[in-house]
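The following account leads through a single protein chain, beginning with one residue and widening to the fold around it. Please keep the sequence and the model in view while reading.

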Amino acid sequence: MHPTSLFTFRIVYWSAISLIALSFVWFIEPVQAQIQPQNQVPQTQRNRQVLEKEKKQNLEKMNQIRTILKQTASEKQASLGQLKALDQQIQTQSKQIGLLNKDLRLTEAEIAELRQASTALTQDLNKLKAEYGSMIYAADKRRQQVNPLGFLFASDNFNQLVARYRYLRQYSDARQSQVRQMNNVQVMLQGKQKATQHKRLEQKNTIGAKVNETQKLETLKVEKNGVVKELSKKEAELQAELAESRRAINRLESMITRIIAREAKERAEREARERAERDRLARLEAARKAAERKRAEDAIAAAEKAGEKPAPADVAKVERPVEPEPAAKKPDERRDNNLNDEETALASSFTASRAHLPWPVTKGFISDHFGRKPHPVLKGIFVENQGIDIQTNAGEGVRSVYDGVVQDVTNIPGMNNVVAIQHGDYFTLYAKLKSVSVRVGQHVKARESIGTVATDKNGVSEIQFQIWKEFTKLNPESWLTPR
């Protein structure tokens, strides 16, 4: 071959290989940049996890209320307890429907994301196929013009031969990588398509569940209206029950305020005794120091009169400056209520447990909330709950919500057995107990059993739970762990 022709051959072949390699690099990088974000966790997936957790919790609450309501509804006569349970079940049923609506919206967003991802993957796959076809076409065209073996053997030396072999090898590897990339994208695309089909099926099931839950809600509303209608016929009986309930509440309030006042008085008396003892000891110490100084002064006077040198110890005692009266200590804000150190620490830890206290029963729901509200049946009548009522299963164990000391165990008509526990300057009250397993003065731990819940004549198993700080009534619902 003529030297000029050989030089031209090398330039053409080298340019072809370089262009093919560069075109491959330029293609691979943007495709990978599009595929990499698929590995990130989308926002909809995080929202899905939160929603599923909320649905599970609400479903558990619905099942608990349904179980308790069955026990209440087993009695032939309608009752306020049954009405409260129906109200709570309607609320949870409505919440479940709301969660299902949220589920449908989220599923639609997930399907849109999957559709978008599928479109992007389809575009990537088409681009990969087009680029791969161009590579094959260019390679085949160049192969017809230039023999690769000729390109290798046209090398000027061995090192150049090895370099050219490496270039050809890299080009072959690039083609194989392109094939793998297309296969991976194809698999990902199929996965997105299957996921979309699965989401469509989930959406269909959710719509069916929503229809079912809506029918249940309507049934509950009809049942509630029936109970209200039946109770409305017993206005005189309800008025009598309300009057008795108010008397029981007043007795309960008198009991807890008496306990709080008694404890405050005992703490004040204890603080007065401790202060008097501290003052007495301080006076004794001051008198001892004064007498010691007087003896030293007399000894120095006697030594000087006798012409002797006073003892250094006596001189030191006399020359020691008289200590001023100790300034009144600034009152400790934590001790304004005369709590001792142990009680102060207990009150502080109780305060820090707000919204984290365990429930006084392991299963149940709040059937009546804290504060003033209209009577569920009697028109124009308002009732006030100084704590919360919690309906639960018959015979359910009742437990202390925090470490403390039992201050009273008594029986109040309309409230059955009542237990009062002190936690520093906080007090918790547990009423409507069938049995009690603690005694006055006993130290109890959090979650320790203190008795069992009572069941009334209407089949309602319910406890009254209150939290006080000194003479202030607190909303227990904001202190218990959310359910």
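**From one loop residue to the whole chain**

Setting aside residues up to four places away in sequence, A355 touches S478, W479, L480, T481 and P482, where contact means heavy atoms within 4.5 Å. The model is a predicted one, in which local features need pLDDT of at least 70 and side-chain atom pairs count only at pLDDT 80 or more, while totals for chains, interfaces and linings use all residues. Residues are numbered from 1 along each chain as its sequence is written, and side-chain values use heavy atoms, with hydrogens and water left out.

A355 is placed in the loop between α8 and β1 (365–368); helices (H or I, at least four residues) and strands (E, at least two) are DSSP runs, numbered from the N terminus. Between A355 and W479 the C-alpha distance is 4.1 Å, although 124 residues separate them in sequence. The backbone of A355 has a positive phi of about 70°, and the residue is not a glycine. With 27% relative accessibility, A355 counts as partly exposed, given that buried means under 20% relative accessible area, exposed over 50%, and partly exposed in between (1.4 Å probe, protein chains only).

W479 also leads to an aromatic cluster, which it forms together with F350, Y402 and Y426. The structure holds 5 aromatic pairs; rings of Phe, Tyr and Trp (its six-membered ring) pair if their centres lie within 6.5 Å, and planes under 30 degrees apart count as stacked, over 60 as edge-to-face and the rest as tilted. What is the geometry of the pair F350 and Y402? Their ring centres are 5.3 Å apart and their planes stand at 85°, so the pair is edge-to-face. Because F350 belongs to helix α8 (residues 341–352) and Y402 to the loop between β5 (397–399) and β6 (404–412), the pair ties together parts that are 52 residues apart in sequence. F350 counts as buried at 0% relative accessibility, and Y402 counts as buried at 15%.

Both of these aromatic residues are in contact with L357, which, leaving aside neighbours within four places in sequence, also contacts V401, I467, W479, L480 and T481. L357 in turn belongs to the largest nonpolar core, a set of 28 residues in which L357, V398, V419, Y430, I463 and F465 have the most contacts. Such a core is a set of buried Ala, Val, Leu, Ile, Met, Phe, Trp, Tyr and Cys residues joined through side-chain atoms within 4.5 Å. Two or more residues come to this core from each of α8, β4 (388–391), β7 (416–423), β8 (426–436), β10 (449–453) and β11. A second, separate core has 19 residues, including A85, I90, L238 and V377.

Strand β11 (residues 462–469) contains K469, which is partly exposed with a relative accessible area of 34%. Apart from neighbours within four places in sequence, K469 is in contact with D425, Y426 and L474. The C-alpha atoms of K469 and D425 are separated by 5.9 Å, with their positions 44 residues apart along the chain. E470 lies in the loop between β11 and β12 (472–474). Its phi is near 55°, a positive value in a residue other than glycine, and its relative accessible area of 22% makes E470 partly exposed.

Two arginines lie over aromatic faces: R372 over F382, at 4.3 Å from the ring centre, and R483 over W359, at 3.9 Å. A charge sits over a ring if NZ of Lys or CZ of Arg is within 6 Å of the ring centre and within 35 degrees of the ring normal.

The helical parts extend the picture. Helix α6 (residues 235–305) has 71 residues and reaches 104 Å from its first C-alpha to its last, close to the 105 Å expected, the expected span being 1.5 Å times one less than the number of residues. Just after α6, G307 takes a positive phi of about 75°. Over residues 97–131 the chain is 100% helix and 0% strand, with its end C-alpha atoms 51 Å apart.

For the chain as a whole, there are 8 helices and 12 strands. Of its 483 residues, 37% count as buried. Among contacts between residues at least 6 apart in sequence, 75% join residues at least 24 apart.
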